[in-house]
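Trainee: I've got a new model open and I'd like to learn how to read it feature by feature. Can you walk me through it?

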Amino acid sequence: MLWPTQRLARAAGDPFRNRLPQSRLPRPFTVPYRQPPVALPVRSTADADYFRITMAPALVEIVPGLQTPMYAYNGTVPGPTFASTRGKPIVVRFVNTLPAKDEALGYDQWTSVHLHGSPSLPQFDGYASDITLPGQYKDYHYPNTPTARTLWYHDHGAHHTAENVYQGLFGMHKLRDPAEDALGLPTGEFDLPIVISDIMLQADGKVLFTLAEDNGMYGDIICVNGRPWPALKVKRRKYRFRVLNGSVSRSYNLSLSSGDSFQMIATDGGLMPSPQTVKSFRHSMGERYEIVVDFARYDPGKRIVLQNDSPKNNQKFPNIDVVMAFDVVDDAFDPSNNDVPSKLNPDHETMLLNESDAVKTRQVELIRTKGQWTVNRVTWQQIIDSNFKLTLARPEVGATEIWEVSTQGGGWFHPFHIHFVDFLVLSRNGQPAFAFERGPKDVMYVGENEKVRLLTRFDAPGKYMLHCHNAVHEDHDMMTQYEIVKNGVSVGNDPFSARAIDLPEATPL
Ligand code: C2O
Ligand code: CU
Ligand code: CU
């Protein structure tokens, strides 16, 4: 069976035929930086905040003067940013008002929404086959129990996650807690999202889908918070940037054009035990890295570019080696919260795990067989065909395990993501983890011919997905599941135990 993008690619002849020419793309750093809007609750009680988010087609201006039909959460790409507080749960009603079929590719437009980084119950986790059809809605309950971190939400609908995310169904979710607030890190206007995505457009403004063989979808426009190569004015002090790679297939190796170092303070699961001073970091899809850059050392008028020295196996285009610019200005600024303490969060449970407590070591191989990307030679289609019984692993509640994840024999890199847990990277090819990844993680870059060992603990029962976060791989079909069990028995909630409901909304939020 051909995937929708494969069919299109094969029918197209020259896939770049209708591409918006380079001459019509904006020059880097000509568009101002902007944050996505903040998600506002429709109702708040002492126990929870309630949100309503509609998924619908929207016309979005990526290239100035050109309208691009996309899919959006509440009308914007990226969707609105959630600002949550640890201990205050939220309920989000996601309403699917998308067309029955995707116009360009013809697939049936089901969705499933995943809050990536949240230990949600299986029925609220965006399980790929727990779908919401156009004309339906589903209420997702998010506990907001973990430590402060940067999460993100995105579509996870089985077999067309890549196309849905590429067309705009992604957004950031910030979770704060008092321990982090007490650290004095840059806050407010000095704590900014950098949501990176890439896209390619046709001359008429529509999204252009091209497949680099069957390896991924790559754009020639690099966006930050939905804007192409923006420029941000920065004052002469420290800034915290929450960098999310929301691209479908593109990985980055990011650094500052000044060659200066900066501090890595947090990874996917929140603050690191202590900050790490680095000059660059390799950033795969789905990962979050939080950095603090000190602009105090630059003269006003200086421009620092966030640049990308592309890791291998990424399709290259003229300006993908730059992401955005920081323009230093002489404006007065609030000098408070201008510190990075030498200890951030030494007590994150995952970072306190000991390798010697592991009761099991499992092998996970990310491998391509018979034209399909697989995890241990299993595809999501096989999970569907097993009526969702097949699992890769059945760890016990409370068990600490080592997983050895490899791409041996494969000429490709795969960002490996496990739902529900945070893990720590024990080693890479027998070497210590990179300095920038010495924090709690939920996605790790498994490079070409690499073997990466992770340590994690499974704290509560349930059935969850794990997959490659190259969404093209994930869809075809490098995704499987595991189940956390008690004494060998399933006791978790079933991922299908809270199905979507037909519109109109039966109960008000
Ligand atoms: Cu960010 Cu299973 O996903
Ligand atoms: Cu996830
Ligand atoms: Cu992959």
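**Reading the model, feature by feature**

Mentor: Let's start inside: β11 contributes three residues to the lining of the largest cavity, the most of any element. Keep in mind that this is a predicted model.

Trainee: How many cavities of 30 Å³ or more does the structure hold, and which residues lie nearest the centre of the largest one?

Mentor: The general idea is that rolling a probe the size of a water molecule over the atoms shows where empty space is left. Here, there are two cavities of 30 Å³ or more. The largest encloses about 100 Å³ of space. Its lining counts 15 residues, and M70, Y166, F170, S197 and I199 are the ones nearest the centre. By element, α2 (161-166) and β11 (191-199) are those that give two or more residues to that lining.

Trainee: Now the metals. Which atoms coordinate the copper ion (ligand 3)?

Mentor: To read a metal site, list the donor atoms, then look at where their residues sit. For the copper ion (ligand 3), the donors are ND1 of H414, SG of C468 and ND1 of H473, at 2.0 to 2.1 Å. Along the sequence the spacing reads H-x53-C-x4-H. H414 belongs to strand β26 (residues 414-418) and C468 to strand β30 (residues 462-468), so this pair ties together parts 54 residues apart in sequence.

Trainee: Are H414 and C468 buried or exposed?

Mentor: H414 has a relative accessible area of 2%, so it is buried. C468 is buried as well, at 0%. The cut-off to remember is that buried means under 20%.

Trainee: And what are the protein donors of the copper ion (ligand 2)?

Mentor: They are H114 and H417, each through NE2, lying 1.9 Å from the ion. H114 is in strand β7 (residues 113-116) while H417 is in strand β26, so the pair links parts 303 residues apart in sequence. H114 is buried at 1% relative accessibility, and H417 is buried at 2%. Waters are not among the atoms, so sites may look incomplete.

Trainee: Let's do sheets. In what order do the strands of the five-stranded open sheet run?

Mentor: Strands of a sheet pair through backbone hydrogen bonds, either parallel or antiparallel. This open sheet runs β24-β23-β25-β29-β27, with mixed pairing. At the edges are β24 (372-375) and β27 (423-428), each with a single partner strand, so one side of each has no neighbour in the sheet. From one strand to the next, the twist averages 20 degrees.

Trainee: Where can I see one pairing up close?

Mentor: Try β25 (residues 400-406) against β29 (residues 451-457): they pair in the antiparallel sense over seven bridges. Within β25 and its partner, look for V405, which stands opposite V452 in β29. Then move to the edge strand β27, where you'll find R428. R428 is buried, with a relative accessible area of 3%.

Trainee: Which residues touch the most other members of the largest nonpolar core?

Mentor: For a core, look at its size, its best-connected members and the elements that feed it. This one has 125 residues, and F94, F241, F295, F326, W403, F416 and Y482 touch the most other members. Strand β22 (residues 322-328) gives the most to it, with six residues. Another core, of nine residues, lies apart from it and includes Y127, A128, A158 and F388.

Trainee: Last one: which backbone oddities should I look at?

Mentor: Most residues other than glycine have a negative phi, and most peptide bonds are trans. One exception is the V77 to P78 bond, which is cis with omega about -10 degrees. P78 sits in the loop between β4 (68-73) and β5 (82-85). N74 is also in the loop between β4 and β5, and its phi is positive, near 50 degrees.

Trainee: How accessible are N74 and W229?

Mentor: N74 is partly exposed, at 38% relative accessibility. W229 is buried, at 0%. W229 has a positive phi too, about 40 degrees, and lies in the loop between β13 (227-228) and β14 (230-234). Finally, the L503 to P504 bond is cis, with omega near 0 degrees, and P504 falls in the segment after β32 (501-502).

How values were computed. Residues numbered from 1 in each chain as written. Chains lettered and ligands numbered in written order. Predicted model: local features only at pLDDT ≥ 70, side-chain atom pairs only at ≥ 80, totals over all residues. Heavy atoms only, no water. Donors = N, O, S within 2.8 Å, 3.2 Å for Na, K, Ca; no water. Helix = DSSP H or I, 4+ residues; strand = E, 2+ residues; numbered from the N terminus. Buried < 20%, exposed > 50% of the residue type's maximum accessible area, 1.4 Å probe, protein only. Pairing = 2+ DSSP bridges. Axes fitted to C-alpha atoms, helices over the stretch in contact; angles between N-to-C directions. Core = buried A, V, L, I, M, F, W, Y, C linked by side-chain atoms within 4.5 Å. 1 Å grid on protein atoms, 1.4 Å probe; cavity = no way out; pocket = protein on both sides within 12 Å on 5 of 7 lines; lining within 4 Å. Points joined across faces, edges and corners; volume = space filled by probe spheres on them.
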